Amino acid sequence: MAIKTVGVLGCGLMGSGIAQISAAAGFKTYVLEVNETFLQKGMARIEKFLAGGVEKGKMTAEERDRILGQLIGTTRYADLKACDLVIEAIIENVEEKRKAYAQVEAVVGAHCLIASNTSSLCVTELAAATGRPDKVAGLHFFNPVPLMKLVEVIRALPTSQETYDALFAFSRAIGKEPIAAPDRGGFIVNRLLVPYLLDAIRCLEEGLGTVEDIDQGMKLGCGYPMGPFTLLDFVGLDTTYYIANIMFEEFRETRFAPPPLLKRMVLAGYLGKKSGKGFYDYAKK
Ligand code: 3HC
């Protein structure tokens, strides 16, 4: 199956990164947001990253312009009509995704694949919410999308072999290393990462060490690029809380249960870097 034109639903943190790497790999890429304000914000994020790439000598100004030339921002679903693949990276809500898929299916051809960047929802449920369940799968990217090499390809129960193969090939074409992940809560990476992050919070609650010392321990002792609390702040405490709850629902195992401190920090609005405060205070940093 030849994928030439790609649509990305959502130009937030993940969607903008996905749209950027798709355009950088030479695919004509349409990125859709619900309104102009969100679209401009997302496009500005892409432009900033590319400008940073030019500054760091990672790409030339011509290369940046070529990428931006392959990228079309839109707020109209009708503009997605030529897409061979639509990657959805919108809010983690089944009903909202269902509505978005219906709007995509109303304009794209019968051959068009739909992939969800969901980090935690059941991909089989998402596939069943469309009129083309055999052409739906998960494509789970990692933050920051342009820098993290991995993509998890998640096969839903109805996903066809052809769809699955096409998504593996597409992942490689955009410079990522795909792995086969099962349609189970947390797939592979979050299944291991989330209990580790939750455990770090439990250790903090038990007084095992300070935020700084636990972070330093895992960073310098294990060679992790970020300690668990820096990573929690980076991913977002609300996002981690949300994923943990879904995984706890799925497996009913205590290691996935969000610790009380995480719940309270989310309720207090301490969401990490994006809110200016999480385990670290970014106003001070
Ligand atoms: N353009 C091009 N290249 C850029 C760039 C830009 N704008 N900005 C940075 N880079 C390059 C740098 O030049 C550098 O390349 P080099 O290795 O060849 O020198 C590389 O990217 C790393 O950049 P920096 O040196 O500026 O930054 P760090 O070394 O501090 O790394 C990081 C930043 C990659 C974010 C690193 O800290 C990291 O890997 N952190 C862990 C992130 C992680 O775990 N993400 C997964 C979260 S979980 C998730 O997403 C799943 C979800 O479901 C929750």
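**Figure 1. Phe187 and its backbone angle in the loop between β8 and α7.** Phe187 sits in the loop that links β8 (177-182) to α7. This is a predicted model, and in it the phi angle of Phe187 is near 50°. That value is positive, and Phe187 is a residue other than glycine. If you are new to backbone angles, start at β8 (177-182) and follow the chain into the loop until you reach Phe187.

**Figure 2. A cis peptide bond leading into Pro144.** Here we visit another loop, the one between β6 (136-141) and β7 (150-155), where Pro144 is found. Which form does the peptide bond from Asn143 to Pro144 take, cis or trans? The bond is cis, and its omega angle is near 0°. Keep Asn143 in mind, as Asn143 is also listed among the closest residues around the ligand.

**Figure 3. The surroundings of the ligand.** How many residues surround the ligand? There are 19, and the closest are Phe49, Lys58, His140, Asn143 and Asn190. Now zoom in on some individual atoms. A polar atom in the side chain of Lys58 is 2.6 Å from an oxygen atom of the ligand. His140 offers a side-chain N or O atom that lies 2.9 Å from a ligand oxygen atom. With Gly53 the backbone takes part: one of its polar backbone atoms is 3.4 Å from a nitrogen atom of the ligand.

**Figure 4. Helix α1 packed against helix α2.** Two packed helices are described by the angle between their axes and the distance between the axes. For α1 (residues 13-24) and α2 (residues 36-55), the axes come within 9 Å and cross at roughly 55°. The two helices are therefore oblique to each other. The crossing of α1 past α2 is right-handed. From α1, the residues in contact are Leu13, Ser16, Ala19 and Gln20, and from α2 they are Gly42, Arg45, Ile46, Phe49 and Leu50. Sorted by class, this contact holds 5 nonpolar, 3 polar and 1 charged residues. You have already met Phe49, one of the closest residues to the ligand.

**Figure 5. Helix α7 packed against helix α10.** The axes of α7 (residues 189-206) and α10 (residues 237-251) are 11 Å apart, and the helices pack at an angle of about 115°. This means that α7 and α10 are roughly perpendicular to each other. Their crossing is left-handed. Which residues of α7 meet α10? They are Asn190, Arg191, Val194 and Leu198, and their partners in α10 are Thr240, Ile243, Ala244, Met247 and Phe251. The contact between α7 and α10 is made up of 6 nonpolar, 2 polar and 1 charged residues. Asn190 appears in the ligand view too, as one of the closest residues there.

**Figure 6. Helix α8 packed against helix α9.** In our last stop, α8 (residues 211-222) and α9 (residues 228-235) have axes that come within 7 Å and cross at roughly 100°. So α8 is roughly perpendicular to α9. On the α8 side you can find Val211, Ile214, Asp215 and Met218, which meet Pro228, Phe229 and Thr230 in α9. By class, 5 nonpolar, 1 polar and 1 charged residues make up this contact.

Note on methods: Residues are numbered from 1 along each chain as its sequence is written. This is a predicted model: local features need pLDDT of at least 70, side-chain atom pairs count only at pLDDT 80 or more; totals for chains, interfaces and linings use all residues. Side-chain values use heavy atoms; hydrogens and water are left out. Axes are lines fitted to C-alpha atoms, for helices over the stretch in contact, and angles run from 0 to 180 degrees between N-to-C directions. Helices (H or I, at least four residues) and strands (E, at least two) are DSSP runs, numbered from the N terminus. Angles under 35 degrees count as roughly parallel, over 145 as roughly antiparallel, 65 to 115 as roughly perpendicular and the rest as oblique. A crossing is left-handed if the near helix is turned anticlockwise from the far one by less than a right angle, and right-handed if clockwise. Contact means heavy atoms within 4.5 Å. Ala, Val, Leu, Ile, Met, Phe, Trp, Tyr, Cys and Pro count as nonpolar, Asp, Glu, Lys and Arg as charged, and the others, Gly among them, as polar. A residue is near a molecule or strand if one of its heavy atoms lies within 4 Å of it. A polar contact is a pair of N or O atoms within 3.5 Å; within protein, one must be able to donate a hydrogen and the other to accept it, and residues adjacent in sequence count only if both atoms are side-chain atoms.
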